[in-house]
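Got your viewer open and a selection box ready? Let's walk through this one stop at a time.

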Amino acid sequence: MLRRISAKIACLHGGNPAGKTGRVPRNEVCFLWHFLFISLTIRNIRQATVLKGDLRERFLSGGEVRMKRWMKVVIGLAVSLVLFAVAGFFAVPPIAKSIMVKKLSEELRRDVMIDTITFNPFRFCLTVKGLAVRERSGGETFFSFQELFLNLEGMSLFRRAVIVDEVKLTSPYVHLVRNQDGSYNFSDLLAGKGKKEPEKKNERPFFFSLNNIAVLNGKIVFLDGPRSTRHLAEKIQIGLPFVSNMSYDTDTFVKPSLSAVINGTPYELKGRTKPFKASRRTEFDIQFIDLDVPFYLAYIPKKLNFRLVSANLDV
């Protein structure tokens with residue numbers, strides 16, 4: 001179009017292409033020049049607009065790519081967090097309950113029941129409520145507790161050790177029976193399963209650290225069949241700051257405390273010990289007066305190859 005206009009202007013100035021001559025009106029020449037100028041201006045504007053649009057599209061496309069990458073990362077983290085929470089709150093408890101009931105029943109050869117298990121994946125807290133172990137013959141409860149709370153440390157996986165920040169056992173109950181033949185209702189658990197596996201040398205030891213251990217409101221009922229007596233230990237409170245076999249803890253004293261009411265008489269025991277140090281250094285404040293030794297020797301689960309007729313102990 002612009003070429004045609006340029007040729008027309010040339011004809012108006014230099015002559016008629018068809019060989020005709022004559023004077024050209026000035027208005028027509030001005031009009032053609034203005035039209036040519038406007039056309040060139042419009043074309044330049046269009047080219048600039050197209051170039052600007054291309055640059056804008058390239059900028060927006062690059063930003064969109066970066067935005068899409070960040071969005072993928074954020075969505076991936078959000079989905080992972082949701083799956084982690086769902087697995088921890090809803091998948092772990094029923095699986096753990098099924099495994100615990102099955103394994104404990106097989107190992108103890110007794111019926112085991114658990115009410116509920118809860119797990120908080122963000123705090124690494126495990127709570128077991130309403131565990132009960134029946135007697136081997138059925139009926140009576142052999143062992144039970146109201147609640148077991150474990151606060152695990154998340155760094156345990158990286159340190160290759162079991163580290164528990166808090167262990168709390170609430171209302172444990174133990175039912176012990178001494179039969180007429182001198183055996184106990186737990187004698188089968190002491191018998192073992194047979195030959196022990198040989199110890200593997202140069203094997204990495206199993207490290208653990210249990211901290212803030214507490215037993216609250218425990219109770220033990222002991223029925224002595226041969227003597228037709230019943231012993232009761234209640235309001236049992238046990239406290240342990242920590243128990244650990246890690247190198248930096250073995251040389252630190254563990255200061256346990258024990259209190260209970262046994263057959264109506266309160267008792268309290270305090271001391272300190274290094275259970276995993278080579279020296280096994282232990283100190284306890286103990287006081288006994290006229291302790292009837294033969295009376296308590298009769299309760300030892302294993303048969304002795306001697307008979308103690310009379311002995312009293314003062315400590």
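Start by selecting N217, which is partly exposed at a relative accessible area of 42%. The class is set by cut-offs: buried is under 20% relative accessible area, exposed is over 50%, and partly exposed is in between, with a 1.4 Å probe and protein chains only. N217 sits in strand 6, residues 208–224. Helices (H or I, at least four residues) and strands (E, at least two) are DSSP runs, numbered from the N terminus. Now check the backbone: N217 has a positive phi of about 55°, although it is not a glycine. Most residues other than glycine have a negative phi.

Some housekeeping before moving on: this is a predicted model, so local features need pLDDT of at least 70 and side-chain atom pairs count only at pLDDT 80 or more, while totals for chains, interfaces and linings use all residues. Residues are numbered from 1 along each chain as its sequence is written, and side-chain values use heavy atoms, with hydrogens and water left out.

Where does S171 lie? Select it and you land in the loop between strand 4 (162–170) and strand 5 (173–178). S171 also has a positive phi of about 55° without being a glycine.

Step along into strand 5 and pick V174. V174 is partly exposed, with a relative accessible area of 21%. Now add S144 and put a distance label on the two C-alpha atoms: V174 and S144 are 6.8 Å apart in space, yet 30 residues apart in sequence.

**The salt bridges**

How many salt bridges does the structure hold? There are five, counting a side-chain nitrogen of Lys or Arg within 4 Å of a carboxyl oxygen of Asp or Glu. Select D188 and R110 to see one of them, with N to O at 2.9 Å. D188 lies in helix 4 (residues 187–191) and R110 in the loop between helix 2 and strand 1 (112–120), so this pair ties together parts that are 78 residues apart in sequence. Are D188 and R110 buried or exposed? Both D188 and R110 are buried, and for D188 the relative accessible area is 16%.

Keep D188 selected and add R136: they form a salt bridge too, the closest N and O atoms being 3.4 Å apart. R136 is in the loop between strand 2 (125–134) and strand 3 (141–152) while D188 is in helix 4, so the pair ties together parts 52 residues apart in sequence. Add R109 as well, and you have the network of salt bridges that links R109, R110, R136 and D188.

For another salt bridge, go to E268 and K270, whose closest N and O atoms are 3.6 Å apart. E268 counts as exposed, at 58% relative accessibility.

**Along strand 9**

Next, select L269 in strand 9, residues 265–273. L269 counts as partly exposed, at 27% relative accessibility. Its C-alpha is 7.1 Å from that of I286, with the two positions 17 residues apart along the chain. Then move to T273, also in strand 9. T273 counts as buried, at 13% relative accessibility. Add V254 for another C-alpha pair: T273 and V254 are 5.2 Å apart in space and 19 residues apart in sequence.

**A nonpolar patch**

Switch on a surface and select L81, V82, F84, V86, F89, F90, F122, F124 and L152, which make a nonpolar surface patch of about 830 Å². Patch residues have over 30% relative accessible area and no salt bridge; like charges are joined within 9 Å, and nonpolar side chains (Val, Leu, Ile, Met, Phe, Trp, Tyr) within 5 Å. The areas come from the Shrake-Rupley method with a 1.4 Å probe, and for residues only the protein chains shown count as cover. Helix 2 (residues 26–108) gives the largest share of the patch, six residues. One residue found in helix 2 is L81, which is partly exposed at 47% relative accessible area.
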